[in-house]
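The following exercises are to be worked with the sequence and the structure at hand. Each task is followed by a solution in steps.

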Amino acid sequence: MAEMPKTEPASGGLDAYIDAASALLGIPLDPAWVAAVGANLTVLQGAAGLVAGFPLPDEAEPAPVFAA
Amino acid sequence: MTDPSTMHAADIAGSVRDGAISARLVVEAVLARIARVDTAVNAFTDVLPERALTRADAVDAARARGEALGPLAGVPFAVKNLIDIAGLPTRAGSKINRDLAPARRDGALVRRLEAAGAILVGGLNMGEYAYDFTGENVHDGATRNPHDLGRMSGGSSGGSGGAIGAGLVPLALGSDTNGSIRVPSAFCGCFGLKPTYGRLTRAGSFPFVGSLDHLGPMARSVTDLALSYDAMQGPDPDDPVATTRAPDPAMPSLDDGIGDLRIAMAGGYFARGGDNEAFMAVETLAASLGCGRRVEIPEAARARAAAYLITAAEGAALHLDRLRTRAADFDPAVRDRLIAGAMIPAPFVERAQRFRRWYRAAMLDLFREVDIILAPSTPCRAPKSGQVTFELDGVTLPVRANIGVFTQPISFIGLPVVAVPVRVDDGLPLGVQVIAAPWREDLALRVARHLERNGVVSAPHAIL
């Protein structure tokens, strides 16, 4: 329950994605940080998969800032 | 006479108004206790004796002139250091923000509490940029759990929990994005109120995740929560999501009891994946409320996952420039999560926001059937300081990411919660969330007060 679902890294591994994304975002990345960033990205990928598994109608609007 | 340094806020205010005690005496006692005890707890990052004593003298002078004093007259309080304090840079637990110019005026809630007679005595430690559940901080050191100095205070409002649990101040402000008031309230054995999203202004505080950020009080009595909550309500054009609703005071109905309120325990997701003691705490409260009903909060695991994604993405967007220029100055654990958050593909986040709409509607449907839902605040008692993993339900999990499993699905749609401290044995305290429908803080506070009056929950300060 508590853990995000395990996901396999994206095809080709995440390192190439992280390299490209850090360049795109302008975030200089120390090579020593890549493994930890990749681990976090994998957890986020699992969370995204869990959310995506719930069917939503196309009409469902996002609620970025909402009246509670 | 009772030691004024550890009195409840309502008792201090009553005694100051009656002239039984001066505000100066209270503040001097609190400052002395902080000096003696906080070397062990490390809750405060800034103590403001000159400001506090000047303010205390002003309260005493107003009384001497026969002026009516406010409901928090002479009550010392402290705030998480992401809330502006005039004259100090708002560090938000970071090294980087110490280079900011000092705040030119106090945050809105500080001003509102002081307008009610309260007296700010300092700023409190916190996890860096509020991205934390542990109460640890690489720059300022960890706030230690006052009930067991070898354990975590919880975070990110760890200094707030530590200060209340140690009896350093009767009232503190924290912030809660995914559980940062409710987690330290549970670990440090205090009461905390995370109000409805938008209820209390956040103007003059350093943000984390705009669509999830709340500010709220922590205290050692439910009355003190309600008194301070009432003093802080009201619209504020300086916070774009602050409600325009008229204030809805909780004090008038606080002692009305539970009457015919429909109360249920959260089942399913909220009844597994934690230590037995966490669920025993919920059942203890339910039994005392005559509640045997369970309801299912729908899709709670997905709600937590969506909150996790939105937090990472919004937090990363907020800090992007700092990640570009000063990444090495972040706490490494925060930095690596934020960098990963910046790299999340946009459709993942948009999907989480669309799910949020569905989940909110489903929860509002559930609140047609019940008025109050009880759920654990945390899956376990306070872990040891520095602990990296824990075992829940036989599964080894990282501590940092999983302390908030039961709080995240609730704050995800801004529901109001009173976190109450529960002791099921002689061990450390646990916490239970008393959850209400949007804008019904009054009901959650009534239930908490009923439990407190019947001796089921209490928040004695640690003996230090």
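**Exercise 1. Helix α1 of chain A**

Determine which residue follows α1(A) and what sign its phi has, and establish which residues of the helix are buried.

*Solution.* The model is a predicted one.
Step 1. A:Gly26 comes after α1(A), and its phi is positive, near 75°.
Step 2. Within the helix, which spans residues 15-25 of chain A, the buried residues are A:Ile18, A:Ala21 and A:Ser22. They lie on the same side of α1(A), because the arc they cover around the axis is only 100°.
Step 3. This agrees with a general rule: an α-helix has 3.6 residues a turn, so residues three or four places apart point the same way.
Step 4. On the face turned away from the buried side are the exposed residues A:Ala16, A:Ala20, A:Ala23 and A:Leu24.
Step 5. The cover over the buried residues of α1(A) includes α2 (34-52) of chain A.

**Exercise 2. The sheet of chain B**

State the order of the strands in the open sheet of chain B, and identify which strands stand at its edges.

*Solution.* Step 1. The sheet has 11 strands with mixed pairing, in the order β1-β3-β2-β6-β8-β7-β14-β15-β11-β9-β10.
Step 2. The edges are formed by β1 (44-47) and β10 (294-295) of chain B; each has a single partner strand, so one side of each lacks a neighbour in the sheet.
Step 3. Helix α3 of chain B, residues 49-64, lies across β1, β2 and β3 of chain B and runs at about 160° to β3(B).
Step 4. In strand β2 (residues 76-80) of chain B one finds B:Val79. B:Val79 counts as buried because it has 32 C-beta neighbours inside 10 Å, the threshold being 20 or more. Among the residues it touches are B:Ile85, B:Val110, B:Leu120 and B:Ala172.

**Exercise 3. Strand β14 of chain B**

Describe how β14(B) pairs with β7(B) and with β15(B), and explain why the strand is regarded as largely enclosed.

*Solution.* Step 1. Strand β7 (residues 191-194) of chain B runs antiparallel to β14(B), joined to it by 3 bridges; here B:Gly192 has B:Ala419 as its bridge partner.
Step 2. Strand β15 (residues 430-436) of chain B is likewise antiparallel to β14(B), with 6 bridges, and B:Val432 stands opposite B:Val420.
Step 3. The pairing extends beyond β7(B): this strand and β8 (residues 214-219) of chain B are antiparallel over 2 bridges, with B:Phe191 opposite B:Ala219.
Step 4. In a regular strand the side chains alternate between the two faces of the sheet. In β14(B), B:Val417, B:Ala419 and B:Pro421 point one way, B:Val418, B:Val420 and B:Val422 point the other way, and all are buried.
Step 5. Since 6 of the 6 residues of β14(B) are buried, the strand is largely enclosed by the rest of the structure.

**Exercise 4. Backbone exceptions in loops of chain B**

Locate the cis peptide bond between B:Gly155 and B:Ser156, and decide whether B:Ala130 is buried or exposed and how B:Asp393 is classified.

*Solution.* Step 1. Most residues other than glycine have a negative phi, and most peptide bonds are trans.
Step 2. The bond from B:Gly155 to B:Ser156 is cis, with omega near 10°; B:Ser156 belongs to the loop between β5 (148-152) and α5 (158-165) of chain B.
Step 3. B:Ala130 has a positive phi near 70° and sits in the loop between β3 (119-124) and β4 (144-145) of chain B. B:Ala130 is buried, because 29 other C-beta atoms lie within 10 Å.
Step 4. B:Asp393 also has a positive phi, about 55°, in the loop between β12 (389-392) and β13 (395-398) of chain B. B:Asp393 counts as partly exposed because it has 13 C-beta neighbours inside 10 Å.

**Exercise 5. The contact between the chains**

How many residues of chain B are in contact with chain A, and which element gives the largest share?

*Solution.* Step 1. The contact involves 48 residues of chain B and 32 residues of chain A.
Step 2. On the side of chain B, the elements giving two or more residues are α9 (300-326), α10 (332-342), α11 (346-366), β13 and α12 (399-402).
Step 3. The largest share, 11 residues, comes from α11(B).
Step 4. By character, the residues on this side of chain B are 28 nonpolar, 8 polar and 12 charged.

Conventions
Residues numbered from 1 in each chain as written. Chains lettered and ligands numbered in written order. Predicted model: local features only at pLDDT ≥ 70, side-chain atom pairs only at ≥ 80, totals over all residues. Buried ≥ 20, exposed ≤ 12 C-beta atoms within 10 Å, placed from the backbone. Helix = DSSP H or I, 4+ residues; strand = E, 2+ residues; numbered from the N terminus. Pairing = 2+ DSSP bridges. Contact = placed C-beta atoms within 7 Å. Nonpolar A, V, L, I, M, F, W, Y, C, P; charged D, E, K, R; others polar. Axes fitted to C-alpha atoms, helices over the stretch in contact; angles between N-to-C directions. Arc of directions from axis to C-beta.
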